[in-house]
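Here's a quick tour of a protein model, written for someone who'd rather be at the bench. Have a look at the picture first, and then we'll go through a few spots.

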Amino acid sequence: MSNPVGTSHSSNTHSFNTLAIHAGQAPDPLTGAVIPPIYQTSTFVQDGINVLRNGHEYSRGSNPTRGGFETQLTALEAGHAGFAFASGIAAEDALLRAVLEPGDHIVLGADGYGGTNRLINRLHGKWGITNTPVDITDLAAVAGAVQPGVTALLWVETPSNPLLGIADLAGWARIARDAGALLVVDNTFATPFLQQPITLGADVVVHSTTKYIGGHSDVLGGAVIVAERIFRGQSLAEAVGFQQFAGGAVAGPQDCFLAARGLKTLGLRMERHCSNAARIAEWLTTREEVSTVLYPGLESHPGHELAKTQSRGFGGIVSLQFAGGEATARAFAESTKLFALSVSLGGVESLVCYSSEMTHASVIGTPLAVPKNLVRLSVGVEQVEDLIADLELGLAAARRASLVAATA
Ligand SMILES: *Cc1c(COP(=O)(O)O)cnc(C)c1O
């Protein structure tokens with residue numbers, strides 16, 4: 001959390017792109033290296049028994065490379081303290097263990113990451129944690145799902161995955177406050193460049209830094225960033241910090257270095273992700289193979305006006321639904337070349353995903369299942385004309401598939 005090596009040299013009055021490069025990332029005081037070294041060490045020499053140099057003892061407790069990244073991300077999320085983990089799911093698990101007690105209830109945004117749902121239902125369910133899925137766009141339903149005295153957390157993603165619904169974060173925060181519960185926002189899709197949930201009243205932000213923060217599809221990681229809050233008599237920072245140390249699912253120094261390097265260019269990349277995605281979404285609305293384009297930047301999107309009030313852009317994820325149904329969606333997903341058929345998102349390269357079976361297989365057959373005619377695009381930062389030409393290949397394959405289906 002605190003990082004004696006990296007905390008100098010920046011102030012929270014700086015703007016986003018300046019903080020992204022300087023917060024927690026000051027040059028190495030020992031050698032002058034502009035880029036702080038990767039502290040690839042498990043332990044730290046002591047100057048006497050329990051006399052620690054700069055507070056570091058053992059890298060599960062703290063490591064300067066991890067601390068630098070945590071400081072950097074915390075500044076960008078306007079948080080109070082931040083903690084880096086080995087994956088997004090490890091971060092979420094640590095948060096749940098840090099704040100929940102057996103018997104607690106979670107109001108859970110229905111249209112979210114499949115792995116979060118699996119974690120809460122299948123791992124935490126065993127310890128008596130229950131949840132109620134709710135439509136993230138319906139504040140009355142959110143308030144109605146609260147069980148007074150039992151609900152400890154409200155958990156939401158916006159834009160959501162993969163339907164790209166928009167939740168009113170200030171509204172969710174009011175409901176959480178009234179319930180004496182914490183609001184947790186998974187900010188992986190929007191990133192702090194587009195939206196800072198803590199400034200809108202959220203208590204906790206979680207990230208899969210695997211996605212836009214790392215930004216290059218070369219590292220797994222996760223983070224929990226907390227506001228300055230007391231919950232159940234303990235500060236959130238202390239509770240999550242203790243869980244990180246005692247539970248031990250920490251991010252390693254190499255991974256933190258890669259995530260920190262990616263984070264420095266987040267603003268630049270997000271601007272291009274957003275402009276490419278907007279171009280592609282508009283273009284897709286003109287194509288007859290496509291019945292629906294889900295992108296909050298489209299004026300036709302039901303969350304468009306709300307998104308404008310709480311974020312400075314609409315992100316790089318576009319979902320589309322095919323008029324010809326499942327067979328055409330599958331043919332499209334298997335036929336693009338630049339858009340690689342993969343799970344995950346947020347890297348510089350474009351990806352295509354058949355969500356119902358690739359990321360949301362754990363909810364097939366439940367009300368949370370994703371439509372079978374839906375494909376999700378993670379629009380990268382390539383030249384947009386090349387991306388559109390590539391999507392043409394997919395649409396041609398979709399047309400062939402619908403002809404085959406029609407004559408079968
Ligand atoms: C990928 C993802 C996660 C899980 O993160 P991992 O790094 O894969 O463990 C959580 N939430 C969202 C929105 C994600 O996209």
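A helix axis here is a line fitted to the C-alpha atoms over the stretch in contact, and angles run from 0 to 180 degrees between N-to-C directions. Keep in mind that this is a predicted model.

**Two helices crossing**

With that in hand, take helix H3 (residues 88-99) and helix H8 (residues 236-247): their axes come within 9 Å and cross at roughly 120°. Are they perpendicular or oblique? Angles of 65 to 115 degrees count as roughly perpendicular and those over 145 as roughly antiparallel, so H3 and H8 are oblique to each other. As for the hand of the crossing, H3 and H8 make a right-handed one.

Who does the touching? On the H3 side you'll find Ala 94, Leu 95, Arg 97, Ala 98 and Val 99, and they meet Leu 236, Ala 239, Val 240 and Gln 243 of H8.

**Aromatic pairs**

Now for the rings. The count comes to two aromatic pairs, and here they are.

| Pair | Geometry | Centre to centre | Angle between planes |
|---|---|---|---|
| Phe 16 and Phe 193 | edge-to-face | 5.3 Å | 65° |
| Phe 322 and Phe 332 | tilted | 5.0 Å | 50° |

Phe 16 belongs to helix H1 (residues 16-22) and Phe 193 to helix H7 (residues 191-194), so this pair links distant parts of the chain, 177 residues apart. Both Phe 16 and Phe 193 are buried.

The pair of Phe 322 and Phe 332 joins a strand to a helix: Phe 322 lies in strand S11 (residues 317-322) and Phe 332 in helix H12 (residues 326-333), so parts 10 residues apart in sequence are tied together. How buried are these two? Phe 322 has a relative accessible area of 1%, so it's buried, and Phe 332 is buried too, at 0%.

**An arginine over the rings**

Back to Phe 16 and Phe 193, because there's a charge to place as well. The charged end of Arg 312 sits over the ring of Phe 193, 3.9 Å from its centre. The charged end of Arg 312 also sits over the ring of Phe 16, at 5.8 Å from the centre of that ring.

**One alanine further along**

Finally, look at Ala 396, which has its place in helix H14 (residues 384-407). Is Ala 396 buried or exposed? Its relative accessibility is 19%, and because buried means under 20%, Ala 396 counts as buried. From Ala 396 to Lys 264 the C-alpha to C-alpha distance is 38 Å, and the two are 132 residues apart in sequence.

Definitions and conventions: Residues numbered from 1 in each chain as written. Predicted model: local features only at pLDDT ≥ 70, side-chain atom pairs only at ≥ 80, totals over all residues. Heavy atoms only, no water. Phe/Tyr/Trp six-rings, centres within 6.5 Å; stacked < 30°, edge-to-face > 60°. Helix = DSSP H or I, 4+ residues; strand = E, 2+ residues; numbered from the N terminus. Buried < 20%, exposed > 50% of the residue type's maximum accessible area, 1.4 Å probe, protein only. Lys NZ or Arg CZ within 6 Å of the ring centre and 35° of its normal. Parallel < 35°, antiparallel > 145°, perpendicular 65-115°, else oblique. Left-handed = near helix turned anticlockwise from the far one by under 90°. Contact = heavy atoms within 4.5 Å.
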